[in-house]
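Let's take a walk through this model together, going from the whole chain down to single residues. Keep the 3D view open as you read.

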Amino acid sequence: MPSAFPSALLGSGRQLTLRGAGHSSDGQTVTEGELLVTYAPESAAAQVRDLGDGLIEVPAGMSWYGLERYLNRRGAAFPVLPDYLQLSVGGTLSVGGIGIDSVRSGMQVDHVERIQLIDGTGTSRWCSRTDHSELFRFALGGSGTVGLIERAVLRTVPYRRDTHLHRTRHDTTAELAEHTERMALRDDIDIFYASIRHGVVQTTTGWRGSGPKRCGDADCAIVADLSLRGNYGTARTVAPPAGHARLCADYIVPAGQLAPLLAAVDALRHLDALDRGLELLWILIVHRSSDATAFPFTPVGSAPVSIAVGFCTSLHREFAAVDATRTALRGLLERCLELGGRPYLYGFDVLDAAPAERLYGADLARLAQLRSAHRLDHVNAHHPLVRATVSAPPDSAHSPAAANDGKPDDRTSRSE
């Protein structure tokens, strides 16, 4: 595929849906009558550039598995990886990106130096915290609503092969919540994840590196290349039974609010629509630095420490079951908002205009302005964020950087 193709396609004016690896919830990124623009990771490794000083430039279509293998062979690693490594780099950067490493390293977008972004005219520009800074902030976590991420420059860290994992079983979800909140207060942990599956409630805490660690009992293990093994969260990739849809969703609240959010999720177990119950529930902790960039639409808000609760379940592909599930998830989203949290936007779509306005306020109006200025009306028009901009107040305030990002300028260039 010629490298100029994405620019020509976005500049064509055709109705387009942008998609990463397609690992979203039950076809969220598939729409009728639109052209689907997706990534092909097979040839991506040949396009990676080592820029020195720990910076790596990668095509957005590369898989995290391919990138991590590439980096590890050169003594480097990316600070935060998703649980399923066949996701595309551009896809997860477009929704924020969290994982078991987030307990120390925040979101994936926190480690992005700059991105190459293509707008609706086919114009390509490099965006960073200093150049086209508003487009940079709105693109990372913005679900493709301000253009297609074509390439990204990422900050890497030294590769550490071994991880010491310490597992703890819990008798109740209340005990799980209490233990997780204690771990969220610590600043010396490299890995954290928790799960509830088949009635087993368990947390896992880990430290990266090959130095001596406290690993002298049956609940501790030293694991090589943990992320590449894919030995956590694998149930998310299992195909649902015939006639069922797989549903996965994530909600993130500030530390201190885990117990009430868990109680709201647990109430879903008793709904007839979710006839198989919750197959898997997982919890992650997200620490962000005090000087981290404020991205308008990422799932982690302004709290320095947040806790993510996600789940997967199956439901019958029939209108009554789907409608009942959407109603239940609207209630769960409302509870998340009451607790000061946010949803992960990749998940099952229940984000209507009213909660979107409560969550994002003036940023919705600014999103509408950016989409208009960069001729993006034909790109991802079905996305909940875009639909919500219709009712956003037109005179909302926007950031000082708007003067540079509100319209294309002479510093832009075409992709070659």
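Helices and strands here are DSSP runs, with at least four residues for a helix and at least two for a strand, numbered from the N terminus. Counted that way, the chain has 13 helices and 18 strands. Please keep in mind that this is a predicted model. Of the 416 residues in the chain, 56% are buried. Among contacts with a separation of 6 or more, 72% are between residues 24 or more positions apart.

A good place to begin is helix H2, which covers residues 64-72. Its buried residues are Trp64, Leu67, Glu68, Tyr70, Leu71 and Asn72. What do the buried residues of H2 pack against? The partners are strand S4 (55-59), strand S5 (76-77), H3, strand S8 (148-155) and helix H7 (226-229).

One of those partners, helix H3, runs over residues 89-93 and contains Val89. Is Val89 buried or exposed? Val89 has a relative accessibility of 0%, so it counts as buried, the cut-off for that class being under 20%. Leaving out neighbours within four places in sequence, Val89 is in contact with Val58, Pro59, Ala60, Met62, Ser63, Trp64, Leu67 and Leu154. Trp64 and Leu67 in that list also appear among the buried residues of H2. As for Ala60, its C-alpha lies 5.1 Å from that of Val89, although the two residues are 29 apart in sequence.

For a contrast, turn to Pro158, in strand S9 (residues 157-158). Pro158 has a relative accessible area of 63% and is therefore exposed, since that class begins over 50%. Even so, Pro158 touches Gly75, Ala76 and Ala77 when residues up to four places away in sequence are not counted. Pro158 and Phe78 are 80 residues apart along the chain, and their C-alpha atoms are separated by 8.5 Å.

Next come two histidines with unusual backbone angles. Most residues other than glycine have a negative phi. His132 is not a glycine, yet its phi is positive, at about 50 degrees. The same sign appears at His198, also not a glycine, where phi is about 55 degrees. Where are these residues found? His132 is in the loop between strand S7 (123-128) and helix H5 (133-139), and His198 is in the loop between strand S11 (191-197) and strand S12 (200-208). Their surroundings can be told apart by accessibility: His132 is buried because its relative accessibility is 6%, whereas His198 is exposed because its relative accessible area is 70%.

Now for helix packing. Two packed helices are described by the angle between their axes and the distance between the axes. Helix H6 (residues 173-184) and helix H8 (residues 258-266) pack at about 145 degrees, and their axes are 9 Å apart. The crossing of H6 past H8 is right-handed. On the H6 side the contact is made by Thr173, Leu176, Ala177, Thr180 and Glu181, and on the H8 side by Leu258, Ala259 and Leu262. By class, these are 5 nonpolar, 2 polar and 1 charged residues.

A second pair is formed by helix H10 (residues 353-360) and helix H11 (residues 362-373), with an angle of about 100 degrees and axes 6 Å apart. Because of that angle, H10 is roughly perpendicular to H11, a label that applies from 65 to 115 degrees. H10 contributes Ala356, Glu357 and Tyr360 to the contact, while H11 contributes Ala362, Asp363 and Leu364. This contact has 4 nonpolar, no polar and 2 charged residues.

H11 deserves a closer look. How far apart are its end C-alpha atoms? They are 17 Å apart, which agrees with the 16 Å that 12 residues should span at 1.5 Å a residue. The buried residues of H11 are Leu364, Ala365, Arg366, Leu367, Leu370, Arg371 and Ala373. After H11 comes Arg375, with a positive phi near 55 degrees.

Our last stop is Thr389, which lies in helix H12 (residues 384-389). Its relative accessible area is 12%, so Thr389 is buried. Beyond residues up to four places away in sequence, Thr389 touches Leu364, Leu367 and Ala368. Leu364 and Leu367 are among the buried residues of H11.

Conventions:
Residues numbered from 1 in each chain as written. Predicted model: local features only at pLDDT ≥ 70, side-chain atom pairs only at ≥ 80, totals over all residues. Heavy atoms only, no water. Buried < 20%, exposed > 50% of the residue type's maximum accessible area, 1.4 Å probe, protein only. Contact = heavy atoms within 4.5 Å. Axes fitted to C-alpha atoms, helices over the stretch in contact; angles between N-to-C directions. Parallel < 35°, antiparallel > 145°, perpendicular 65-115°, else oblique. Nonpolar A, V, L, I, M, F, W, Y, C, P; charged D, E, K, R; others polar. Expected span 1.5 Å × (residues − 1). Left-handed = near helix turned anticlockwise from the far one by under 90°.
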